[in-house]
Amino acid sequence: MRKAVPGQGASRGNALGRARVREPHALEVAEARIGPHEVEAELARLHAAIEQVRSEIRAMRDQLHGALAHEVGEFLDLHTLLLEDPELLHGLDALVRNDLYGADYALRLQRDRLAAVFESMDDAYFRSRIEDIDHVIGRVHAALHAHEAELQGVAGEILVTDAISPSEIGRLQAQGVLGIVTCGGSALSHASILARSLHLPLIVNAPQALGMVNDGDVLVIDGSTGEIVIEPNADDLRAYRTRLREEKRERKQLRRLRREPSKTLDGVDIRLYANAESREDVAEAHSIGAAGIGLYRTEFLFLQGREIPDEEAQFRAYRDLVLGMTGRTVTIRTLDIGADKADETGLALRYEPNPALGLRGVRLSMARTGLLETQLRAIVRASGYGPVRILVPMVSGREEIVAVRRLLVRVQQDIAREGFETAERIALGAMIEVPSAAIALPVFARDLDFVSIGTNDLVQYLLAADRNNDALGELYSPLHPAVLRLVHSVVRIARARGMPASVCGEIAGDARFTPLLLALGLEELSLHPSPMLEVRRAIRALDLGQLRARAPALLRARDRAGIERWLDSAQPVHLPG
Ligand code: PEP
Ligand code: MG
């Protein structure tokens, strides 16, 4: 029977397909013993499951190509190593053979033992391995149970699950999954950002989904509205086809704007830079005429595996990025690991009591000896291949920028002495995403060459609303008078100094908010390439003079509803073309 389940759209696109339900692997297995005569059969069952998982991982590894092979491959290699670990295998055998435990319970005991060993270690890197153990043991456990093991071959299906990690998103996309629905999660998580970058429809925050969807149900999902329809009827299917047709028509119209300028009706050029992480993003940014790269999140390089990329590996990645943009400016952000961007390298602290307020971004870069210097060396070397700017995340005040600048100057001198060709000048800017930096900007703007406003974090820190906590509902929103006033003040201060200012948070990629950002004084935005043509279309239909004249009304809005009303009245009219 037809049912509709609400969720939140996190990555656009429509999908129609069979549901694949993945229950969480809780491993809450009750103690169960077997008889001595059952030992051999139980061991055979267990080893068959381990072998199945090994070959699943091998098959996944073989299917990966391009950037994904690099990004996801290292996780898979680590999981293969764990599955071959003699400690794990002998321990399991002994629990079944000597203690007569069933395979499931043996898995659980062995998981707890290994986790206790890793947990007791001082080294954050080793402690962080527990997640991998859980993942691997969870997969073997699922393989012991035929219905869960079916997760193989999810191609052409829509995955319904409790949660999803960025590395899984990459793998599932490579396997051909049509879309994903998760019970929790937020549209601003890294998994969501990656799904958008891969054009994979994703719906998050659909808490009823796991309870209502059954394996094999037919689903229609709409990644824009967040609507999930179970067992769609004829009307739903018709509506789905209409949406597909509209999407196609819209894409065709937008493609015409690839070579058009992002100029307002009154002739002001708004520079659209791209937020780009993968080679594909860079190619897309280039092909749709992005002014450059406004945000390259280097943490993606560090999230790929358990090794910290050395200077050479980083240099190659940054150089390729610069070469890919053929002379357009590339803004490389120094490492912003920590909080929800927990890495596998052990760099970020795993057990901070309050990670969003913890050792994150520039704080971590400065606390780990050599980390920032290596990164700056790699960036400075890449500057020999084209224009580069450096952006520092999570700046809270002047001291951090002064320290980074001092190190940058020394690194530039060292690199020049070593005989590398580099740019003479590399602009240094700050992300304005911690309220203290926004408020104190007048007293340290002269230490900066440019600023980029990170609204994703600015909203979370200004409103004390966790960007990843779906329970907060609409509380986490840029449509708050405090956010608008602060953004406006940052732009005004930057302007007064003739310093470039952009917004690189997700708000910049939503064409509905374009009038608001222009009214607040922005003339530079940085956004993912996929919505860039929509934003360009909005810019081309807006009159900047009129919007600026209406800025005081926007800044006088008293609440979200007032801002929404202003936004509704400022939407451009697009003539069919
Ligand atoms: C931001 O905070 O707005 C931002 C662009 O950075 P990130 O989403 O990587 O934290
Ligand atoms: Mg941020």
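Visitor: Which residues are the protein donors of the magnesium ion (ligand 2)?
Guide: Welcome! This is a predicted model, and the magnesium ion is a good place to start. The donor atoms lie 2.0 to 2.1 Å from the ion, one being an OE atom and the other an OD atom. The protein donors are E433 and D457.

Visitor: How many residues apart in sequence are the parts that this pair ties together?
Guide: E433 sits in the loop between β13 (427-432) and α18 (435-444), whereas D457 belongs to helix α19. The pair therefore links parts of the chain whose separation in sequence is 24 residues.

Visitor: Is E433 buried or exposed, and what about D457?
Guide: A residue counts as buried when its relative accessible area is under 20%. E433 has a value of 1%, so it falls in that class. D457 has 2%, so it is likewise buried.

Visitor: Let's turn to ligand 1. Which residues come nearest to it?
Guide: There are 15 residues around ligand 1. Of these, the ones that come nearest are R297, R333, G454, N456 and R467.

Visitor: How far is a polar side-chain atom of R333 from an oxygen atom of ligand 1, and how far is a backbone N or O atom of N456?
Guide: R333 uses a polar side-chain atom, which lies 2.8 Å from a ligand oxygen. N456 uses its backbone instead, with an N or O atom facing an oxygen atom of ligand 1 at 2.8 Å.

Visitor: What share of the area that ligand 1 exposes when taken alone does the protein bury?
Guide: Taken alone, ligand 1 exposes 290 Å². With the protein in place, the buried share of that area is 100%.

Visitor: Which element supplies the largest share of the shell around ligand 1?
Guide: Two elements, β10 (292-297) and α19 (455-462), each supply at least two residues of the shell. The largest share is three residues, and it comes from α19.

Visitor: How many charged residues are in the shell around ligand 1?
Guide: Sorted by class, the shell has three nonpolar residues and four polar ones. The number of charged residues is eight.

Visitor: What about the protein chain as a whole: what percentage of its residues are buried?
Guide: The secondary structure of the chain comes to 25 helices and 16 strands. Its exposed area is about 24,500 Å², with carbon and sulfur atoms supplying 52% of that. Of the 577 residues in the chain, the buried ones make up 55%.

Visitor: Where is L100, the residue with a positive phi although it is not a glycine?
Guide: The phi of L100 is near 60 degrees. At 22% relative accessibility, L100 counts as partly exposed. Its place is in the loop between α3 (86-97) and α4 (103-119).

Visitor: And where does E231 lie?
Guide: E231 is not a glycine, yet it has a positive phi of about 50 degrees. With a relative accessible area of 30%, E231 is partly exposed. E231 lies in the loop between β8 (227-230) and α11 (234-255).

Visitor: Here is a last one. Which residues does R271 touch, not counting residues up to four places away in sequence?
Guide: R271 is found in strand β9 (residues 271-275), and its 34% relative accessibility makes it partly exposed. R271 and S502 are 231 residues apart in sequence, while their C-alpha atoms are 9.1 Å apart in space. The residues that R271 touches are A291, E523, E524 and L525.

Terms used
Residues numbered from 1 in each chain as written. Chains lettered and ligands numbered in written order. Predicted model: local features only at pLDDT ≥ 70, side-chain atom pairs only at ≥ 80, totals over all residues. Heavy atoms only, no water. Near = heavy atom within 4 Å. Polar contact = N/O pair within 3.5 Å; in protein donor to acceptor, adjacent residues only side chain to side chain. Areas by Shrake-Rupley, 256 points an atom, 1.4 Å probe, with all protein chains shown as cover. Helix = DSSP H or I, 4+ residues; strand = E, 2+ residues; numbered from the N terminus. Nonpolar A, V, L, I, M, F, W, Y, C, P; charged D, E, K, R; others polar. Donors = N, O, S within 2.8 Å, 3.2 Å for Na, K, Ca; no water. Buried < 20%, exposed > 50% of the residue type's maximum accessible area, 1.4 Å probe, protein only. Contact = heavy atoms within 4.5 Å.
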